[in-house]
Structures are given as structure tokens and as C-alpha cells.
Amino acid sequence: MERLTNYEEHIENAIKWLWDALPSLIMALIILFVGVYVIRFMNRMVRKFFERKDYDPALETFLQSFISIGLKIVLFVLVITQLGVQSSSLVAIVGAAGLAIGLALQGSLSNFAGGVLILLFKPFKVGDFVTAQGVDGTVKEITIFYTKLTTFGNQVAIIPNGKLSNDNVVNYNALPTRRDNVKVGIGYGSNIKAAKAILLQICADNENILKEPIPEVYVDGLGDSSVNLTLRFWADVAVFWSAHFYVIEETKNRFDAAGI
């Protein structure tokens, strides 16, 4: 009988606690749902703002991620505080958690700092073709912690920003034009002057190859079974690969026709 009375007392206490906490719980849920809506609304506003302005897409992605994470942290603090956690206790908990997380996520903090450096100094931007960390690809997206590259094989390479900001990066789109070096071997019995004239004529016939600076051909070396020539020409970055493959194919066709 005494045990039953204790159970009833515990149930009554639980119901009383729940009834007392219900307003705070309801308010916390309201804050949570309203906060989630506000965060989504803010993200949409940031997106629309950047769509109306001619800003770097990388900055848009970075700020959206940063604002979203920051607002979620603020929302978490508001909800926890509404549930009755004291501000002083929350500050102590957040401080301790921040220290532990900081030690555990040193690499992530380095990546965050790297992302900030990339946005400030702009070694590359979205749409640039780069070589970084042994990967060749087009920059697809720059987020807070990582940069995504789309490779030739249409694969997505995800590279930490910390490594990108502290290592060598080759940006092929940083300048409007690019020089190509095409190496060609001809037989020792072939006419060097004729071969050089053909290579220069190939450049003259292609509209994608710039006439200034003037294309040049040099004897690059004497191999065991060939005289090695190097053709140097310039092309706009947008049509560089078209010019490159054109020169290679035309060299084979015209050398065959000339008996070289």
C-alpha cells in the first residue's frame, strides 16, 4: 500500500513538473519553428541579393553557409535558454564545448581560415580551371570548409580549403591568353625548313591562334631517331584546347602530304 502511494506521488510530481514546464516547452517549439523559417527566409534573401548584384559566386556560397551556421547557433542558444538553462551555465557549457570542439576540429578551423583567405585574395574563382593537390578541374563551388572541382571525367573532387590556401595552385584562367608548346619529331632526312614552314602555316590558317605574339618554331633537340621541333603559339583561354588539338591533327595530315 505504501509502495502504491509512492508511485502515485511520483506520477503527481511528474504531471506537475510537466504542467509547469509546458509553457516553456511550447514557447521553445514556437521559437524553433519560427527560427527555422527565419533562417530559410534569410538564405533566400541573400540568394536574391547576389542574383541582383554582380558578385563572385564563391562569395555568395561562402556567406550563405556562414550566415546559416551562425543563425542556427543563435537559434540553439535561444531554444536552450527558453527551456530554463541559465545564461551563466550556458556560457560555461558553450565555452567548455567550444574548447573541446576546437581541439577536436583543428583541421576544420584551418579549412575555415583557408576559405576566408581564398575569398580575400582570390587565387581562383568559380568557373576557373585549376590544378591543385594533384587534381585538374573546374572550380564548381567554394564553401566554408571545402572547395569542389569538376574534373575532365565529370567527377567531383572535394579539397579542404586549408590545403588550397597553403599549397601551390595553378590557375589557367587567371590571364586571358595562354601559350601552348607542341613538340614534333621529324626524321633526320626531312627538310627542317619545310617542316617549320608547315607548322607556321597551320597557325596562320587557324583563327583561334593569335597572330600576336607571333607563333615560333625551334629545333628543340636532336634525338636518337628524330629531330625534335617545338611550336609555340598563343590562344585565348576559351578556345585554347580547340587550337591545341587542331594543330596536332593538322601537323600529322600536312606532314604526311609533304612526305615528312
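This dialogue explains how to read strand pairing, a buried polar residue and nonpolar cores in a predicted model.

User: How should I read the sheet, and in what order do the five strands stand?

Analyst: Strands of a sheet pair through backbone hydrogen bonds, in either a parallel or an antiparallel manner. Here five strands make an open sheet, ordered E4-E3-E2-E1-E5, with antiparallel pairing. Strand E4 (156-160) and E5 are the edge strands, each pairing on one side only. From one strand to the next, the twist averages 40°.

User: Over how many bridges do strands E2 and E3 pair?

Analyst: Strand E2 (residues 135-142) pairs with strand E3 (residues 146-150) over four bridges, in the antiparallel sense. Within this pairing, Val-139 has Leu-149 in E3 as its bridge partner.

User: Which residue stands opposite Glu-216 in E8?

Analyst: Arg-232 in E8 stands opposite Glu-216. The pairing of strand E7 (residues 216-222) with E8 is antiparallel and covers six bridges. Four residues lie between E7 and E8, which form a hairpin.

User: Turning to a single residue, is Asn-171 buried or exposed?

Analyst: Asn-171 counts as buried because its relative accessibility is 17%, and the cut-off for buried is under 20%. This residue belongs to strand E5 (residues 169-171).

User: What does the side chain of Asn-171 reach at 2.9 Å?

Analyst: The Asn-171 side chain reaches the backbone nitrogen of Asn-173 at 2.9 Å. A polar atom of that side chain also lies 2.9 Å from the backbone oxygen of Pro-123. Setting aside neighbours within four places in sequence, the contacts of Asn-171 are Pro-123, Phe-124, Asp-128, Phe-129 and Val-130.

User: How should I read a nonpolar core, and which residues of the largest one touch the most other members?

Analyst: In soluble globular proteins, nonpolar side chains tend to be buried together. The largest nonpolar core here has 19 residues, and those touching the most other members are Ile-186, Leu-199, Leu-229, Leu-231, Phe-233, Val-247 and Phe-255. Two or more residues of this core come from each of strand E6 (177-186), helix H6 (192-205), strand E8 (227-236) and helix H7 (240-258). Another core, of ten residues, lies apart from this one and includes Val-130, Val-139, Leu-149 and Ala-157.

User: Which residues does Ile-186 touch, not counting those up to four places away in sequence?

Analyst: Ile-186 touches Ile-192, Ala-195, Ser-226, Val-227, Leu-229, Phe-255 and Ile-260, with residues up to four places away in sequence not counted.

How values were computed: Residues are numbered from 1 along each chain as its sequence is written. This is a predicted model: local features need pLDDT of at least 70, side-chain atom pairs count only at pLDDT 80 or more; totals for chains, interfaces and linings use all residues. Side-chain values use heavy atoms; hydrogens and water are left out. Buried means under 20% relative accessible area, exposed over 50%, partly exposed in between (1.4 Å probe, protein chains only). A polar contact is a pair of N or O atoms within 3.5 Å; within protein, one must be able to donate a hydrogen and the other to accept it, and residues adjacent in sequence count only if both atoms are side-chain atoms. Contact means heavy atoms within 4.5 Å. A nonpolar core is a set of buried Ala, Val, Leu, Ile, Met, Phe, Trp, Tyr and Cys residues joined through side-chain atoms within 4.5 Å. Two strands pair if DSSP finds at least two bridges between them. Axes are lines fitted to C-alpha atoms, for helices over the stretch in contact, and angles run from 0 to 180 degrees between N-to-C directions.
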